[in-house]
Amino acid sequence: MVRTRLFFIVSLVFSCLLSPPPSLAGPSSPAKGREQLVTALDAAWVRILGNGTYRQILNVHGAAEVLVNIVDCLPSPGMIPFPEKPEGLLKQILDTKKIRVGTMIDSPPGPETTANFFSPVTADMLKAVLNEISKHYGTGPITVTKVNIPPPFNATSALNKGEIDILDQLNALGGKSEDLRRRTSRRFTCTLSGSKQVLYVKNEAPYKNFEDVLNDGDVKICAGPLSTQLTNAYFKGPDQSVTTKYVFDISSCLAEVINGKADAMMSPFPDEKFFPASIDTNGDRAPDTDPRPLIRSIDTNLVTGTPYWVALDDECDEVK
(Lines give C-alpha, C1' and ligand atoms only; values in the text may rest on other atoms or scores of the structure.)
Protein backbone atom coordinates (compact mmCIF):
# COMPACT_ATOMS: atom_id res chain seq x y z
CA MET A 1 0.00 0.00 0.00
CA VAL A 2 2.87 2.41 0.89
CA ARG A 3 4.62 1.68 -2.40
CA THR A 4 1.43 2.28 -4.36
CA ARG A 5 0.85 5.64 -2.69
CA LEU A 6 4.51 6.65 -3.20
CA PHE A 7 4.30 5.72 -6.88
CA PHE A 8 1.09 7.78 -7.19
CA ILE A 9 2.79 10.86 -5.67
CA VAL A 10 5.96 10.51 -7.77
CA SER A 11 3.90 10.13 -10.94
CA LEU A 12 1.87 13.19 -9.97
CA VAL A 13 4.98 15.33 -9.46
CA PHE A 14 6.45 14.17 -12.78
CA SER A 15 3.23 14.91 -14.68
CA CYS A 16 3.03 18.38 -13.12
CA LEU A 17 6.58 19.20 -14.21
CA LEU A 18 5.63 18.34 -17.79
CA SER A 19 2.25 20.07 -17.77
CA PRO A 20 1.71 23.65 -18.98
CA PRO A 21 1.43 26.47 -16.44
CA PRO A 22 -2.08 27.32 -15.25
CA SER A 23 -2.30 30.30 -17.62
CA LEU A 24 -1.86 27.97 -20.63
CA ALA A 25 -3.83 25.02 -19.32
CA GLY A 26 -7.31 24.12 -20.56
CA PRO A 27 -10.43 25.34 -18.76
CA SER A 28 -11.01 22.03 -16.99
CA SER A 29 -7.47 21.88 -15.59
CA PRO A 30 -7.60 24.60 -12.87
CA ALA A 31 -9.44 23.86 -9.66
CA LYS A 32 -11.47 27.03 -10.18
CA GLY A 33 -15.10 26.13 -10.73
CA ARG A 34 -14.96 22.64 -9.26
CA GLU A 35 -16.48 23.68 -5.96
CA GLN A 36 -19.10 25.61 -7.92
CA LEU A 37 -19.90 22.44 -9.84
CA VAL A 38 -20.45 20.57 -6.57
CA THR A 39 -22.76 23.36 -5.39
CA ALA A 40 -24.70 23.35 -8.65
CA LEU A 41 -25.16 19.57 -8.47
CA ASP A 42 -26.31 19.87 -4.85
CA ALA A 43 -28.71 22.68 -5.73
CA ALA A 44 -30.22 20.62 -8.53
CA TRP A 45 -30.45 17.52 -6.33
CA VAL A 46 -32.40 19.19 -3.50
CA ARG A 47 -34.83 20.56 -6.08
CA ILE A 48 -35.65 17.18 -7.62
CA LEU A 49 -35.87 15.84 -4.08
CA GLY A 50 -38.21 18.63 -3.04
CA ASN A 51 -40.49 18.64 -6.11
CA GLY A 52 -41.14 14.90 -6.07
CA THR A 53 -39.07 14.00 -9.16
CA TYR A 54 -36.82 11.72 -7.12
CA ARG A 55 -39.75 9.66 -5.81
CA GLN A 56 -41.22 9.47 -9.31
CA ILE A 57 -37.97 8.00 -10.63
CA LEU A 58 -37.88 5.39 -7.88
CA ASN A 59 -41.49 4.40 -8.51
CA VAL A 60 -41.00 4.09 -12.27
CA HIS A 61 -38.17 1.61 -11.70
CA GLY A 62 -39.71 -0.23 -8.75
CA ALA A 63 -36.85 0.97 -6.55
CA ALA A 64 -38.75 2.70 -3.74
CA GLU A 65 -38.15 -0.25 -1.39
CA VAL A 66 -34.49 -0.60 -2.31
CA LEU A 67 -33.09 2.93 -2.30
CA VAL A 68 -32.90 4.94 0.90
CA ASN A 69 -32.78 8.74 1.04
CA ILE A 70 -29.91 9.62 3.37
CA VAL A 71 -30.91 13.15 4.35
CA ASP A 72 -27.52 14.82 4.61
CA CYS A 73 -29.11 17.46 2.33
CA LEU A 74 -32.70 18.45 3.09
CA PRO A 75 -35.27 19.09 0.32
CA SER A 76 -35.04 22.84 0.98
CA PRO A 77 -33.92 24.65 -2.20
CA GLY A 78 -33.57 27.97 -0.35
CA MET A 79 -30.66 26.49 1.60
CA ILE A 80 -28.60 25.74 -1.52
CA PRO A 81 -28.76 28.41 -4.26
CA PHE A 82 -27.07 27.87 -7.61
CA PRO A 83 -23.72 29.70 -8.03
CA GLU A 84 -24.38 33.19 -9.42
CA LYS A 85 -21.24 33.67 -11.51
CA PRO A 86 -20.12 30.35 -13.00
CA GLU A 87 -16.42 30.05 -13.75
CA GLY A 88 -13.84 27.41 -14.52
CA LEU A 89 -15.19 23.89 -14.89
CA LEU A 90 -18.82 24.78 -14.24
CA LYS A 91 -18.71 27.56 -16.85
CA GLN A 92 -17.10 25.19 -19.35
CA ILE A 93 -19.92 22.66 -18.90
CA LEU A 94 -22.56 25.38 -19.29
CA ASP A 95 -20.87 26.93 -22.33
CA THR A 96 -20.33 23.65 -24.18
CA LYS A 97 -23.56 22.04 -22.90
CA LYS A 98 -21.52 18.88 -22.38
CA ILE A 99 -20.41 17.00 -19.30
CA ARG A 100 -18.00 14.04 -19.20
CA VAL A 101 -19.22 11.43 -16.76
CA GLY A 102 -17.00 8.57 -15.62
CA THR A 103 -18.48 5.07 -15.72
CA MET A 104 -17.17 1.57 -15.14
CA ILE A 105 -17.59 -1.67 -17.09
CA ASP A 106 -21.04 -2.12 -18.59
CA SER A 107 -22.92 -4.94 -16.92
CA PRO A 108 -24.50 -7.77 -18.90
CA PRO A 109 -28.27 -7.56 -19.39
CA GLY A 110 -30.72 -9.42 -17.19
CA PRO A 111 -31.69 -9.72 -13.54
CA GLU A 112 -28.62 -11.67 -12.45
CA THR A 113 -26.27 -8.71 -11.91
CA THR A 114 -26.89 -6.21 -9.10
CA ALA A 115 -25.69 -3.17 -11.07
CA ASN A 116 -28.35 -3.74 -13.74
CA PHE A 117 -31.05 -2.79 -11.25
CA PHE A 118 -29.39 0.47 -10.23
CA SER A 119 -28.03 1.68 -13.60
CA PRO A 120 -31.34 2.93 -15.11
CA VAL A 121 -32.28 4.60 -11.83
CA THR A 122 -29.02 6.54 -11.57
CA ALA A 123 -29.20 7.43 -15.28
CA ASP A 124 -32.61 9.03 -14.78
CA MET A 125 -31.41 10.80 -11.64
CA LEU A 126 -28.48 12.33 -13.51
CA LYS A 127 -30.79 13.40 -16.32
CA ALA A 128 -33.11 15.09 -13.82
CA VAL A 129 -30.20 16.85 -12.06
CA LEU A 130 -28.79 18.16 -15.35
CA ASN A 131 -32.26 19.31 -16.41
CA GLU A 132 -32.48 21.43 -13.26
CA ILE A 133 -29.04 22.94 -13.95
CA SER A 134 -29.81 23.71 -17.59
CA LYS A 135 -33.21 25.15 -16.63
CA HIS A 136 -31.68 27.48 -14.06
CA TYR A 137 -28.91 28.76 -16.33
CA GLY A 138 -30.99 28.69 -19.52
CA THR A 139 -28.45 26.69 -21.48
CA GLY A 140 -30.68 24.13 -23.13
CA PRO A 141 -30.07 20.39 -22.65
CA ILE A 142 -26.66 19.32 -21.33
CA THR A 143 -25.33 16.27 -23.16
CA VAL A 144 -23.70 13.46 -21.18
CA THR A 145 -20.54 11.95 -22.64
CA LYS A 146 -19.82 8.68 -20.89
CA VAL A 147 -16.14 7.94 -20.33
CA ASN A 148 -15.38 4.32 -19.48
CA ILE A 149 -12.79 3.84 -16.74
CA PRO A 150 -11.15 0.46 -17.38
CA PRO A 151 -9.75 -1.91 -14.72
CA PRO A 152 -8.21 -1.32 -12.22
CA PHE A 153 -10.84 1.48 -12.12
CA ASN A 154 -8.57 4.39 -11.15
CA ALA A 155 -11.41 6.88 -10.82
CA THR A 156 -9.54 9.34 -8.58
CA SER A 157 -6.76 9.66 -11.13
CA ALA A 158 -9.31 10.11 -13.93
CA LEU A 159 -10.85 13.01 -12.01
CA ASN A 160 -7.53 14.63 -11.12
CA LYS A 161 -6.18 14.34 -14.65
CA GLY A 162 -9.26 16.04 -16.08
CA GLU A 163 -10.30 12.99 -18.10
CA ILE A 164 -13.79 13.27 -16.62
CA ASP A 165 -15.75 16.12 -15.07
CA ILE A 166 -17.65 14.01 -12.56
CA LEU A 167 -17.84 10.41 -11.50
CA ASP A 168 -21.36 9.01 -11.45
CA GLN A 169 -22.88 7.16 -8.48
CA LEU A 170 -20.34 4.36 -8.56
CA ASN A 171 -18.36 4.74 -5.34
CA ALA A 172 -19.79 4.77 -1.84
CA LEU A 173 -18.65 7.55 0.48
CA GLY A 174 -17.12 5.21 3.02
CA GLY A 175 -14.62 3.45 0.78
CA LYS A 176 -11.22 3.97 -0.75
CA SER A 177 -9.83 4.03 -4.29
CA GLU A 178 -6.17 3.74 -5.32
CA ASP A 179 -5.32 3.32 -1.62
CA LEU A 180 -6.75 6.79 -0.94
CA ARG A 181 -9.76 7.54 1.25
CA ARG A 182 -12.41 8.85 -1.14
CA ARG A 183 -13.80 11.44 1.27
CA THR A 184 -10.41 13.18 1.52
CA SER A 185 -9.05 12.66 -2.01
CA ARG A 186 -12.05 14.04 -3.95
CA ARG A 187 -14.89 16.53 -3.68
CA PHE A 188 -18.33 15.04 -3.24
CA THR A 189 -21.94 16.15 -3.43
CA CYS A 190 -24.92 15.37 -1.24
CA THR A 191 -25.65 11.67 -0.94
CA LEU A 192 -28.00 10.99 -3.82
CA SER A 193 -28.98 7.43 -3.03
CA GLY A 194 -28.34 4.89 -0.34
CA SER A 195 -29.09 1.23 0.09
CA LYS A 196 -29.20 -1.21 2.96
CA GLN A 197 -26.72 -4.05 3.08
CA VAL A 198 -28.46 -7.33 3.85
CA LEU A 199 -27.08 -10.81 4.43
CA TYR A 200 -28.85 -13.80 2.91
CA VAL A 201 -28.34 -17.28 4.35
CA LYS A 202 -30.00 -20.66 3.92
CA ASN A 203 -33.12 -21.17 5.99
CA GLU A 204 -31.43 -23.78 8.15
CA ALA A 205 -28.30 -21.68 8.81
CA PRO A 206 -27.53 -21.27 12.53
CA TYR A 207 -27.27 -17.47 12.40
CA LYS A 208 -29.96 -15.47 14.18
CA ASN A 209 -28.56 -11.97 13.67
CA PHE A 210 -25.67 -9.98 12.25
CA GLU A 211 -23.55 -10.50 15.37
CA ASP A 212 -23.77 -14.27 14.92
CA VAL A 213 -22.34 -13.97 11.42
CA LEU A 214 -19.63 -11.51 12.50
CA ASN A 215 -18.58 -13.87 15.30
CA ASP A 216 -18.25 -16.90 13.01
CA GLY A 217 -14.48 -17.16 12.77
CA ASP A 218 -14.36 -18.97 9.44
CA VAL A 219 -17.48 -17.59 7.75
CA LYS A 220 -17.43 -17.40 3.94
CA ILE A 221 -19.28 -14.48 2.34
CA CYS A 222 -20.09 -13.97 -1.33
CA ALA A 223 -20.65 -10.38 -2.51
CA GLY A 224 -21.22 -8.39 -5.67
CA PRO A 225 -19.25 -5.27 -6.63
CA LEU A 226 -21.68 -2.95 -4.85
CA SER A 227 -21.09 -4.72 -1.52
CA THR A 228 -17.56 -6.09 -1.67
CA GLN A 229 -15.54 -3.29 -0.06
CA LEU A 230 -17.92 -2.99 2.87
CA THR A 231 -18.06 -6.76 3.31
CA ASN A 232 -14.27 -7.08 3.30
CA ALA A 233 -14.04 -4.33 5.91
CA TYR A 234 -16.41 -6.08 8.32
CA PHE A 235 -15.33 -9.68 7.70
CA LYS A 236 -11.57 -9.45 7.95
CA GLY A 237 -10.80 -12.18 10.47
CA PRO A 238 -7.80 -14.38 9.64
CA ASP A 239 -10.01 -17.30 8.66
CA GLN A 240 -12.97 -15.33 7.35
CA SER A 241 -13.17 -14.91 3.58
CA VAL A 242 -15.03 -12.79 1.05
CA THR A 243 -15.46 -13.80 -2.59
CA THR A 244 -16.46 -11.10 -5.09
CA LYS A 245 -18.54 -11.83 -8.18
CA TYR A 246 -18.37 -8.88 -10.58
CA VAL A 247 -20.97 -10.10 -13.08
CA PHE A 248 -23.96 -12.38 -12.55
CA ASP A 249 -23.26 -11.78 -8.87
CA ILE A 250 -26.84 -12.36 -7.71
CA SER A 251 -27.23 -15.78 -9.29
CA SER A 252 -23.61 -16.82 -8.63
CA CYS A 253 -23.66 -15.88 -4.95
CA LEU A 254 -27.10 -17.36 -4.34
CA ALA A 255 -25.95 -20.60 -5.95
CA GLU A 256 -22.88 -20.69 -3.69
CA VAL A 257 -25.05 -20.18 -0.60
CA ILE A 258 -27.53 -22.87 -1.67
CA ASN A 259 -24.71 -25.31 -2.53
CA GLY A 260 -22.87 -24.67 0.73
CA LYS A 261 -19.81 -23.06 -0.86
CA ALA A 262 -20.62 -19.81 0.94
CA ASP A 263 -22.33 -19.24 4.27
CA ALA A 264 -23.97 -15.97 3.24
CA MET A 265 -24.39 -13.43 0.46
CA MET A 266 -24.17 -9.68 1.09
CA SER A 267 -26.61 -7.70 -1.06
CA PRO A 268 -28.21 -4.23 -1.29
CA PHE A 269 -31.64 -5.79 -1.90
CA PRO A 270 -33.91 -5.79 1.17
CA ASP A 271 -36.17 -8.67 0.14
CA GLU A 272 -35.97 -12.02 -1.68
CA LYS A 273 -38.58 -10.83 -4.18
CA PHE A 274 -35.91 -8.81 -5.98
CA PHE A 275 -34.00 -11.96 -6.91
CA PRO A 276 -34.50 -14.04 -10.08
CA ALA A 277 -37.21 -16.69 -9.91
CA SER A 278 -34.77 -19.26 -11.26
CA ILE A 279 -30.98 -19.53 -11.14
CA ASP A 280 -28.34 -21.99 -12.27
CA THR A 281 -27.08 -24.09 -9.35
CA ASN A 282 -25.14 -26.78 -11.20
CA GLY A 283 -22.91 -24.67 -13.44
CA ASP A 284 -24.44 -25.33 -16.85
CA ARG A 285 -25.86 -21.78 -17.18
CA ALA A 286 -29.38 -23.18 -17.41
CA PRO A 287 -31.65 -21.87 -14.61
CA ASP A 288 -32.94 -24.79 -12.55
CA THR A 289 -33.81 -23.59 -9.03
CA ASP A 290 -35.96 -20.89 -7.44
CA PRO A 291 -33.68 -19.60 -4.66
CA ARG A 292 -36.25 -17.46 -2.88
CA PRO A 293 -37.95 -20.18 -0.74
CA LEU A 294 -34.52 -21.53 0.28
CA ILE A 295 -33.05 -18.40 1.84
CA ARG A 296 -33.79 -15.83 4.53
CA SER A 297 -32.47 -12.35 5.22
CA ILE A 298 -30.47 -10.93 8.11
CA ASP A 299 -30.54 -7.15 8.46
CA THR A 300 -27.06 -5.78 9.14
CA ASN A 301 -28.28 -2.25 10.01
CA LEU A 302 -25.61 -1.02 7.58
CA VAL A 303 -26.47 1.52 4.88
CA THR A 304 -24.15 2.77 2.13
CA GLY A 305 -24.60 5.99 0.17
CA THR A 306 -23.23 7.39 -3.08
CA PRO A 307 -22.72 10.99 -4.25
CA TYR A 308 -21.36 12.50 -7.45
CA TRP A 309 -17.60 12.99 -7.29
CA VAL A 310 -15.52 15.95 -8.52
CA ALA A 311 -11.75 16.42 -8.43
CA LEU A 312 -10.52 17.73 -5.10
CA ASP A 313 -8.11 20.45 -6.27
CA ASP A 314 -5.82 21.09 -9.16
CA GLU A 315 -3.29 18.31 -8.68
CA CYS A 316 -0.29 20.48 -9.56
CA ASP A 317 -1.36 23.17 -7.08
CA GLU A 318 -1.42 20.46 -4.39
CA VAL A 319 2.08 19.24 -5.29
CA LYS A 320 3.42 22.81 -5.20
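## Briefing: rings, cores and backbone of a predicted model

Arg186 lies over the face of Trp309, 4.7 Å from the ring centre; a charge counts as sitting over a ring if NZ of Lys or CZ of Arg is within 6 Å of the ring centre and within 35 degrees of the ring normal. The model is predicted, with local features needing pLDDT of at least 70 and side-chain atom pairs counting only at pLDDT 80 or more, while totals for chains, interfaces and linings use all residues. Residues are numbered from 1 along each chain as its sequence is written, and side-chain values use heavy atoms, with hydrogens and water left out. The protein has 11 helices and 13 strands; these are DSSP runs numbered from the N terminus, helices being H or I of at least four residues and strands E of at least two.

**Overall make-up**

- Of the protein's 320 residues, 48% are buried; buried means under 20% relative accessible area, exposed over 50%, and partly exposed in between, with a 1.4 Å probe and protein chains only.
- The exposed area of the protein is about 15600 Å², of which carbon and sulfur atoms supply 55%; areas come from the Shrake-Rupley method with a 1.4 Å probe, and for residues only the protein chains shown count as cover.
- Counting contacts between residues at least 6 apart in sequence, 75% join residues at least 24 apart; contact means heavy atoms within 4.5 Å.

**Nonpolar cores**

- The largest nonpolar core holds 56 residues, and Trp45, Ile133 and Ile166 touch the most other members; such a core is a set of buried Ala, Val, Leu, Ile, Met, Phe, Trp, Tyr and Cys residues joined through side-chain atoms within 4.5 Å.
- Among the elements that give two or more residues to this core are helix 2 (34–50), helix 5 (114–137), strand 8 (193–202) and helix 10 (249–259).
- Helix 2 supplies the largest share of this core, 10 residues.
- Ile133 is in contact with Ala40, Leu41, Ala44, Phe82, Leu94 and Ile142, leaving aside neighbours within four places in sequence.
- A second core, separate from the largest, has 16 residues, including Ala205, Tyr207, Val219 and Leu302.

**Helix 5**

- From first C-alpha to last, the 24 residues of helix 5 reach 36 Å, close to the expected 34 Å; the expected span is 1.5 Å times one less than the number of residues.
- Gly138, just after helix 5, takes a positive phi of about 65°.

**Aromatic pairs and charges over rings**

- The model has 12 aromatic pairs; rings of Phe, Tyr and Trp (its six-membered ring) pair if their centres lie within 6.5 Å, and planes under 30 degrees apart count as stacked, over 60 as edge-to-face and the rest as tilted.
- Tyr200 and Phe275 form an edge-to-face pair, with 4.9 Å between centres and 75° between planes.
- This pair links distant parts of the chain, 75 residues apart: Tyr200 is in strand 8, and Phe275 is in the loop between strand 11 (264–267) and strand 12 (295–306).
- Phe275 also pairs edge-to-face with Phe269, at 6.1 Å centre to centre and 85° between the planes.
- Tyr200 and Phe275 are both buried, and Phe269 is buried as well.
- Phe117, Phe118, Tyr200, Phe269, Phe274 and Phe275 are linked by ring pairs into a cluster.
- Arg285 lies over the face of Phe248, at 4.5 Å from the ring centre.

**Backbone exceptions**

- Most residues other than glycine have a negative phi, and most peptide bonds are trans.
- Phe248 is not a glycine, yet has a positive phi of about 50°.
- Phe248 sits in the loop between strand 10 (241–244) and helix 10, and counts as partly exposed at 25% relative accessibility.
- Asn301, also a residue other than glycine, has a positive phi near 60°.
- Asn301 is in strand 12 and counts as exposed at 68% relative accessibility.
- Pro151 and Pro152 are joined by a cis peptide bond with omega of about 10°; Pro152 is in the loop between strand 3 and helix 6 (155–160).

**Two further positions**

- Asn148 is in strand 3 (residues 143–148) and is partly exposed, with a relative accessible area of 46%.
- The C-alpha atoms of Asn148 and Gly102 are separated by 6.0 Å, although the two residues are 46 apart along the chain.
- Pro287 is in the loop between strand 11 and strand 12 and is exposed, because its relative accessible area is 55%.
- Not counting residues up to four places away in sequence, Pro287 touches Ser278, Ile279 and Asp280.
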